[in-house]
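This report looks at how a sheet, its helices and its nonpolar cores fit together.

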Amino acid sequence: MIHIGIDTGRSTGFAVWDRSNFIELDTRPLHRALFDVRDYAQCFGADMVTVYIEDARLRTWIPREKSLAEFKGRAQGAGSVKRDASIWEEFCEDCGIRLVKVPPKYNTTKLSAEAFARITGYKGRTSEHARDAAMLVFGK
């Protein structure tokens, strides 16, 4: 079984987990991530691939901003992330790939590289987005 974690946003975190290790762990543009998920589904079979996304549409609380500029930035980013979640949902449905939507409060995010290495044992370079995607699938 192939588990693919997607951290939506301007830079898409992409993590592929297979039983006991990461096959891929990096950041890429949305369109490349879509192509790569399709390639995994074609290679292993759509029924052998599960995509996990952190879905901001499932957020039940709204953080408070300290300024109008912070509010505008968060609102714009939230809209983009929600749109990406919709794209992933439609894409996976069209391709027959299982999709698991994870509420933000159920994912471990914003880990430092050191904490991530300590928890997962992964020693390679990672971005914050890749680590967030990885935590969606680590240990599946």
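What follows covers the sheet, then the cores. The model is predicted.

**Sheet**

5 strands make an open sheet with mixed pairing. Their order is 3-2-1-4-5. Strand 3 (21–28) and strand 5 (98–102) are the edge strands, and each pairs on one side only. From one strand to the next, the twist averages 20°.

Strand 1 pairs with strand 4 in the parallel sense, over 5 bridges. Gly-5 stands opposite Tyr-52 in strand 4.

Helix 1 lies across strand 1, strand 2, strand 3 and strand 4. Helix 1 runs at about 20° to strand 2.

**Cores**

In soluble globular proteins, nonpolar side chains tend to be buried together. Here the largest nonpolar core has 18 residues. Ile-4, Phe-14, Val-37, Val-51, Trp-88 and Ile-97 have the most contacts inside this core. The elements in the table each give two or more residues to this core.

| Element | Residue range |
|---|---|
| Strand 1 | residues 2–7 |
| Strand 2 | residues 12–18 |
| Helix 1 | residues 30–44 |
| Strand 4 | residues 49–54 |
| Helix 2 | residues 68–95 |

Helix 1 gives the most to this core, with 5 residues.

Which residues does Val-51 touch, leaving out those up to four places away in sequence? They are Ile-4, Ile-6, Val-37, Trp-88, Cys-92, Ile-97, Arg-98, Leu-99 and Val-100.

Another core, of 15 residues, lies apart from the largest nonpolar core. Among its residues are Ala-15, Leu-111, Ala-133 and Leu-136.

Note on methods. Residues are numbered from 1 along each chain as its sequence is written. This is a predicted model: local features need pLDDT of at least 70, side-chain atom pairs count only at pLDDT 80 or more; totals for chains, interfaces and linings use all residues. Side-chain values use heavy atoms; hydrogens and water are left out. A nonpolar core is a set of buried Ala, Val, Leu, Ile, Met, Phe, Trp, Tyr and Cys residues joined through side-chain atoms within 4.5 Å. Buried means under 20% relative accessible area, exposed over 50%, partly exposed in between (1.4 Å probe, protein chains only). Helices (H or I, at least four residues) and strands (E, at least two) are DSSP runs, numbered from the N terminus. Contact means heavy atoms within 4.5 Å. Two strands pair if DSSP finds at least two bridges between them. Axes are lines fitted to C-alpha atoms, for helices over the stretch in contact, and angles run from 0 to 180 degrees between N-to-C directions.
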